[in-house]
Amino acid sequence: MNLAHQTILVTGGAGFIGSELCRQLKTAGAQLRIVDNLANGKQENLTEILDEQCQLHVTDIRDYGAMESLLQGVDYVFHLACLGVRHSIHSPVENHEVNAAATLHLLGLARAAGIARFVYVSSSEVYGTAQSVPQPESHPTYPMTVYGAAKLAGECYTRAYHRTYDFPTVVIRPFNSYGPRSHHEGDSGEVIPKFLLRTLAGKPMVIFGDGTQTRDFTFVSDTARGIIEAGLAANTVGETINIGSGFEIAINDLADEVRNVTATPNAEVIREVDRPGDVLRLFSDTSKARSLIGFAPRVSLNEGLSALLAWYQSQGRTPDELLQNEVVKNWEVKP
Ligand SMILES: NC(=O)c1ccc[n+]([C@@H]2O[C@H](COP(=O)([O-])OP(=O)(O)OC[C@H]3O[C@@H](n4cnc5c(N)ncnc54)[C@H](O)[C@@H]3O)[C@@H](O)[C@H]2O)c1
């Protein structure tokens, strides 16, 4: 995709997926305005791409005066800024304010600024536990957490702006993503980085519940490419589109994959109480993305886990050092 002479504003661009999205957009030639308050993102996620054409604005998306100015002269918006699922368990109101209410404000500001495409990055968490699999976009939405509910509200506002005002929007529903720069720390910590780092540090992997819950894991370069291609294609305005791998794996089996990739066949697993509001089954039907934009993931789970392992090994820090900010039951306390 050639994005030369296009100015793109990315909210949440210093985060895990956002920083990969920004790298890919920059490679395609775009000028970038990255908005992130660094609540969970890091400037170092963007180090090699920041320059005159690619600027980070350390701004809260709820600073609507600042957002109004930043949106002037922008062609496309990718809206990823949000607070995560475990954050919603200890701080539901703030989670709603950032994930849902701020999305509605941004839609209004973006429309007033004449933005040519507003891409809302939602989440597979809007589905809740799968009622049938694989899950097409028409699967019922029945979120388990305030995070899922707030992401669904953000989606509904985005579609409403398209239907009511003919504003050109696209909603993307990524399934669980992993890869370099993914979170293991605090309430952002995700299962794959935690399993890998704990195994490398000789600590047991911790499974919440019986480990039969499933996910559809997508490597971050595939997630970001899917968001860009689905977000900007000519035939996707008004659409809601899953981006996943189309491969379902139980958390117990994920632990085996981590043992394989780290060559630690005896790595231990311990079991803990269920996480409140945990979704028990997620498995993406990717046929809409395939038929609309020809999307197919390129990185298998084994390749992606190996790439993440290599990335950790290139960081110049031991797994124990990296794990310092890990919180095991990371939904219980504010970091
Ligand atoms: N990681 C996944 O597996 C996954 C799966 C489905 C959907 N998503 C969606 O993808 C997007 C990115 O997720 P991620 O995993 O990269 O998370 P992330 O936490 O790394 O990124 C979110 C970014 O938003 C920023 N942010 C939070 N509140 C803000 C505010 N008030 N103002 C400005 N910036 C703020 C954070 O600092 C962070 O950099 C989110 O919208 C999320 O819902 C992620």
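Trainee: Let's start with tyrosine 178. Which residues is tyrosine 178 in contact with, leaving aside its neighbours within four places in sequence?

Mentor: Keep in mind that this is a predicted model. In it, tyrosine 178 is in contact with Glu190, Ile192, Phe217, Phe219, Val220, Gly304 and Leu308, once neighbours within four places in sequence are left aside. Tyrosine 178 itself lies in strand β7.

Trainee: Is tyrosine 178 buried or exposed?

Mentor: Count the C-beta atoms around the residue; 20 or more others within 10 Å make it buried. Tyrosine 178 has 24 C-beta neighbours inside 10 Å, so it counts as buried. For scale, take valine 261: it sits 83 residues from tyrosine 178 in sequence, and their C-alpha atoms are 15 Å apart.

Trainee: Two of those contacts, Gly304 and Leu308, are in α10, I think. Which residues of α10 are buried?

Mentor: Here's the general idea first. An α-helix has 3.6 residues a turn, so residues three or four places apart point the same way. In α10 the buried residues are Leu301, Gly304, Leu305 and Leu308. Looking down the axis of α10, you find them within an arc of 100°, so they line one face of the helix. Over on the other side, Asn302, Glu303, Ala310 and Gln313 are exposed.

Trainee: And what do the buried residues of α10 pack against?

Mentor: A mix of strands and helices: β7 (177-178), α6 (191-200), β10 (218-219), β12 (249-250) and α8 (251-261).

Trainee: How do I check the length of α10?

Mentor: Use the rise of 1.5 Å a residue. The 13 residues of α10 (residues 301-313) should span 18 Å, and the end C-alpha atoms are 18 Å apart, which agrees. Try α5 next: it has 20 residues and reaches 28 Å from first C-alpha to last, close to the 28 Å expected at 1.5 Å a residue.

Trainee: Which residues of α5 are buried, and what covers them?

Mentor: The buried set in α5 includes Val146, Tyr147, Gly148 and Ala149, and also Thr158 and Tyr161. Their cover includes α3 (85-90), α4 (92-112), β5, β6 (169-174) and β11 (240-243).

Trainee: How should I read two helices that cross, say α1 and α7?

Mentor: Look at the distance, the angle and the hand. The axes of α1 (residues 16-27) and α7 (residues 220-232) come within 9 Å and cross at roughly 65°. The crossing is right-handed. On the α1 side the contact is made by Phe16, Ile17, Glu20, Leu21, Gln24 and Leu25, and on the α7 side by Val220, Ser221, Thr223, Ala224, Arg225, Ile227 and Ile228. Sorted by class, that contact has 8 nonpolar, 3 polar and 2 charged residues.

Trainee: Now backbone geometry. Where should I look for unusual values?

Mentor: Most residues other than glycine have a negative phi, and most peptide bonds are trans. With that in mind, look at the peptide bond from valine 133 to proline 134: it is cis, with omega near -10°.

Trainee: Where is proline 134, and what is it in contact with?

Mentor: Proline 134 is in the loop between β5 (117-121) and α5 (146-165). It counts as partly exposed, with 18 C-beta neighbours inside 10 Å. Apart from neighbours within four places in sequence, proline 134 is in contact with Gly246, Phe283, Ser284 and Asp285. Its C-alpha atom is 20 Å from that of tyrosine 178, which is 44 residues away along the chain.

Trainee: Which residues have a positive phi?

Mentor: Among them is aspartate 166, just after α5, with a phi of about 60°. Leucine 38 is another case, with phi near 60°; its place is in the loop between β2 (31-36) and β3 (54-58). Leucine 38 has 14 C-beta neighbours inside 10 Å and so counts as partly exposed. Then there's alanine 263, with phi near 50°, in the loop between α8 and β13 (269-272).

Trainee: Is alanine 263 buried or exposed?

Mentor: Alanine 263 is exposed, with 9 other C-beta atoms within 10 Å. Even so, the C-alpha atoms of alanine 263 and leucine 200, 63 residues apart along the chain, are separated by 9.8 Å.

How values were computed:
Residues numbered from 1 in each chain as written. Predicted model: local features only at pLDDT ≥ 70, side-chain atom pairs only at ≥ 80, totals over all residues. Axes fitted to C-alpha atoms, helices over the stretch in contact; angles between N-to-C directions. Helix = DSSP H or I, 4+ residues; strand = E, 2+ residues; numbered from the N terminus. Left-handed = near helix turned anticlockwise from the far one by under 90°. Contact = placed C-beta atoms within 7 Å. Nonpolar A, V, L, I, M, F, W, Y, C, P; charged D, E, K, R; others polar. Expected span 1.5 Å × (residues − 1). Buried ≥ 20, exposed ≤ 12 C-beta atoms within 10 Å, placed from the backbone. Arc of directions from axis to C-beta.
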